[in-house]
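Me: I'm new to this one and would like to get my bearings. Can we go through it bit by bit?

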Protein chains: 2
Amino acid sequence: MQPLRSNAGHMKINIPEVKQPRVVIIGCGFGGLELAKRLAHAPVQVVLIDKNNYHTFQPLLYQVSTSGLEADSIVYPIRKIFKGQNNFHYRWCEVQKINSEQKYLETNIGNCNYDYLVIATGTTTNFFNIEGLEEKSMPMKSVVEALNLRSLILQNLEKALLVTDINERDALMNFVIVGGGPTGVELAGAICELKKHVLPNDYPELDFRRMRIILIESGDTLLASMCETNRKKAVQYLHDLGTEVWLNTKVTKYDGLNVTLGSGKPLQTSNLMWAAGVKGQIIEGINPDVITPAKRLLVDEINRVKGYENIFAIGDVGCMMTEKYPRGHPQVAPVAIQQGHLLAQNIVSLINKQATKPFDYFDKGSMATVGRNKALVEVGKINFGGFFGWVTWLFVHLMSLVGFRNRVMTLFNWIWNYVSYDRNIRLIIRPYKAGDNK
Amino acid sequence: MQPLRSNAGHMKINIPEVKQPRVVIIGCGFGGLELAKRLAHAPVQVVLIDKNNYHTFQPLLYQVSTSGLEADSIVYPIRKIFKGQNNFHYRWCEVQKINSEQKYLETNIGNCNYDYLVIATGTTTNFFNIEGLEEKSMPMKSVVEALNLRSLILQNLEKALLVTDINERDALMNFVIVGGGPTGVELAGAICELKKHVLPNDYPELDFRRMRIILIESGDTLLASMCETNRKKAVQYLHDLGTEVWLNTKVTKYDGLNVTLGSGKPLQTSNLMWAAGVKGQIIEGINPDVITPAKRLLVDEINRVKGYENIFAIGDVGCMMTEKYPRGHPQVAPVAIQQGHLLAQNIVSLINKQATKPFDYFDKGSMATVGRNKALVEVGKINFGGFFGWVTWLFVHLMSLVGFRNRVMTLFNWIWNYVSYDRNIRLIIRPYKAGDNK
């Protein structure tokens with residue numbers, strides 16, 4: 001390994017120096033996790049950096065927000081995952097800048113040199129610079145944000161009890177979700193179930209007939225990546241549960257109470273959940289020419305960032321334009337996992353100066369759940385829903401969780417919630433204050 | 001019910017007005033919870049106020065701090081506990097002042113009148129004004145504080161990896177617990193188990209032979225409320241696990257690194273856990289003459305605060321001096337529960353102008369656990385420990401948890417931890433920053 005050059009005066013992160021090349025992976029999402037695991041027996045030193053000391057199973061965050069699952073059962077400590085992997089080193093820090101010429105990273109705990117750098121930072125919420133959104137709406141891309149949303153929902157119901165003005169109370173009891181993708185659909189469904197089975201028992205003094213759940217989508221359909229049948233079914237399911245679905249509706253401003261819509265329709269809510277867009281989490285130091293408008297990094301067929309020799313990007317933050325996916329692959333876990341898996345092989349090939357293998361996405365299908373016994377599943381040309389779809393959804397998500405313990409905990413919670421119609425962890429552990437998501 | 005008097009200009013909390021007298025209970029700990037439940041069929045309106053929307057099972061907080069249990073499984077939503085109790089109203093707020101003459105409370109959400117007021121606020125950490133403690137040491141009296149401690153322990157180990165100075169690293173890896181009561185003993189034992197079974201796998205780069213766990217007690221014994229045999233056994237158990245027990249040692253100052261001891265012995269640690277004292281959580285407006293130096297409220301034999309007709313104090317915050325307990329009852333859950341139970345009857349008697357019944361504490365015994373297969377139990381003159389004591393401890397604590405779901409979750413965690421020797425939730429969900437406990 002080359003010594004860190006031109007780096008005088010800067011603290012280096014204390015990591016054992018070895019002869020093997022160092023692969024630094026930024027981010028322990030689905031892609032980074034898979035890559036680091038697959039490099040276990042490769043002739044490299046693996047350094048994984050993440051600002052959280054755990055892996056997050058993002059697809060279930062919405063259940064944390066809606067008091068259905070403990071945060072602790074959908075995340076898993078990184079050090080535990082890599083227990084016994086001798087070439088592995090984790091460091092808890094945030095990367096501030098990439099210095100690609102001298103091949104090192106600047107982080108909040110010092111500098112870290114690399115031979116191969118893999119950016120697996122995923123995405124963050126995209127508010128599209130819409131006025132008021134970043135400050136006043138609730139995103140849900142991390143455990144902390146999901147817990148903040150859980151708190152806010154409960155806080156606003158507690159507040160609703162106190163106010164006597166009917167409009168003010170309605171605003172506190174209205175739940176508006178923006179974004180008709182799987183997250184928005186799942187969140188709307190889960191809130192409908194809270195309204196139906198849980199909240200009336202908790203707040204007998206409130207009139208829940210007045211509580212509205214509105215799902216807003218700027219396009220003309222929900223679940224745009226699914227087939228026509230499933231899109232229609234999703235709307236039907238949500239209607240049945242009590243969600244109002246407003247298609248072709250754009251949010252142009254939010255002041256914490258009034259939602260300004262393109263349609264001009266008046267809408268007031270104290271609970272605006274923003275699930276309408278993501279953008280790549282870019283790190284300073286990468287050539288802007290290879291960054292797409294959605295802040296993804298243009299990569300070649302082995303996930304190498306264009307114009308760089310030793311920098312790669314996998315998962316949601318990468319953008320590999322292929323014939324089949326001219327605008328890049330969908331930003332879903334299976335792409336990240338498959339790219340991580342393949343990149344481990346390709347890095348070894350590069351070290352051994354052997355031929356690399358281009359990425360070819362194997363699409364196993366997609367799914368979304370709306371609620372109890374209601375899910376939509378698409379595998380190739382086959383699509384199904386209802387109870388069977390729902391069980392498939394449960395099974396696939398359960399098996400994708402990291403760790404046997406998390407699976408047992410989650411399964412127990414699901415069975416409990418299913419049988420009791422309850423959501424037991426409606427707790428305001430840390431009250432949400434405006435600005436806490438920043 | 002009397003209307004709120006002399007309260008013009010102040011918002012009243014929106015609570016339905018009924019004909020029955022209103023019993024306001026401040027705090028949903030063991031005492032407040034029991035009282036509110038027992039009043040379910042009494043001819044009163046029950047208003048429960050707590051700054052948290054959940055009941056906390058405090059005896060297991062130390063397991064949250066040491067990554068053994070999820071916070072969510074030792075707390076329980078208040079509204080769920082009282083589901084279906086028609087005379088019950090919960091309000092999420094903090095009480096600022098009692099106005100005993102006009103019989104109302106000032107809270108952060110408005111005023112609340114009462115006919116009977118029950119103070120069940122419990123205790124908070126007592127730092128005895130020792131320099132630096134409140135700012136720099138870690139208390140553990142609430143879920144948030146326990147989670148902060150969990151974060152700090154893990155953060156300091158992450159930091160230990162980064163430093164090259166051996167003294168600095170030692171300070172990050174030293175764990176000092178002050179207070180030889182059950183909390184201190186249990187915490188020390190749990191950290192020893194982390195050191196033995198979990199941390200060396202997580203941090204193979206650290207030398208855990210250098211990690212010290214020190215339990216400091218100002219008196220000449222641990223578990224002062226227990227018998228001689230058990231006190232000695234506790235020290236032995238802790239020694240076996242690897243805790244250094246320093247008796248007759250006073251902490252006089254802490255600057256975040258250096259612990260100044262009465263003995264003059266030098267000691268450095270970045271992890272100082274303070275479990276050495278509590279004081280009652282007093283609310284402004286109570287006559288200072290009835291407040292003891294430990295901030296408990298002097299009460300008569302029916303828990304009525306001395307000098308007041310309609311104000312009561314139960315549990316840890318009350319101080320009933322009797323022949324058998326000249327300095328008040330021990331500050332433990334059974335006292336609070338029994339006082340809550342009896343007070344429900346006595347309030348009904350007072351309303352009906354019938355004779356009240358004085359409180360008589362039925363002491364079922366006491367227990368403390370040190371670690372795997374190691375606990376101490378005392379029931380009357382019988383005392384035992386070892387595996388049987390440990391199982392007894394587990395069983396009693398499990399059955400005392402509120403809610404079947406929490407019991408199942410906790411039991412599963414315990415079995416899992418026992419079989420795997422692991423602690424799975426070593427997560428830094430919200431990194432601790434100095435001052436977060438304030």
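Reply: Sure, let's start with a helix pair: H5(A) and H6(A) run roughly antiparallel to each other, because angles over 145 degrees count as roughly antiparallel. Mind that this is a predicted model, where local features need pLDDT of at least 70, side-chain atom pairs count only at pLDDT 80 or more, and totals for chains, interfaces and linings use all residues. Residues are numbered from 1 along each chain as its sequence is written, while chains are lettered from A and ligands numbered from 1 in the order in which they are written.

Me: At what angle do the axes of helix H5 and helix H6 of chain A cross?
Reply: Helices here are DSSP runs (H or I, at least four residues), numbered from the N terminus. Axes are lines fitted to C-alpha atoms, for helices over the stretch in contact, and angles run from 0 to 180 degrees between N-to-C directions. For H5(A) (residues 143-162) and H6(A) (residues 166-173), the axes come within 8 Å and the crossing angle is roughly 165 degrees.

Me: Which residues of H6(A) make the contact with H5(A)?
Reply: Two residues are in contact if their C-beta atoms, placed from the backbone, lie within 7 Å. H5(A) brings A:Asn156, A:Lys159 and A:Ala160, and its partners on H6(A) are A:Arg169, A:Leu172 and A:Met173.

Me: Are H7(A) and H8(A) roughly parallel or roughly antiparallel to each other?
Reply: The axes of H7(A) (residues 182-202) and H8(A) (residues 228-241) come within 9 Å and cross at roughly 20 degrees. Angles under 35 degrees count as roughly parallel. So H7(A) and H8(A) are roughly parallel.

Me: How many nonpolar residues does the contact of H7(A) with H8(A) have?
Reply: H7(A) offers A:Val185, A:Ala188, A:Gly189 and A:Cys192, and H8(A) offers A:Ala234, A:Leu238 and A:Leu241. Ala, Val, Leu, Ile, Met, Phe, Trp, Tyr, Cys and Pro count as nonpolar, Asp, Glu, Lys and Arg as charged, and the others, Gly among them, as polar. That leaves no charged residues, one polar and, for the nonpolar class, six.

Me: How far apart do the C-alpha centres of domain 1 and domain 2 of chain A lie?
Reply: Domain bounds come from an automatic or database domain assignment. Domain 1 of chain A is 22-51 + 93-125 + 279-351, and domain 2 is 133-276 + 365-420. Their C-alpha centres are separated by 32 Å.

Me: Which element gives the most to the side of chain B that touches chain A?
Reply: Here 34 residues of chain B are in contact with 34 residues of chain A. Among the elements of chain B that each supply at least two residues are helix H7 (182-202) and helix H11 (404-420). With six residues, the one giving the most is H5(B).

How values were computed:
Parallel < 35°, antiparallel > 145°, perpendicular 65-115°, else oblique.
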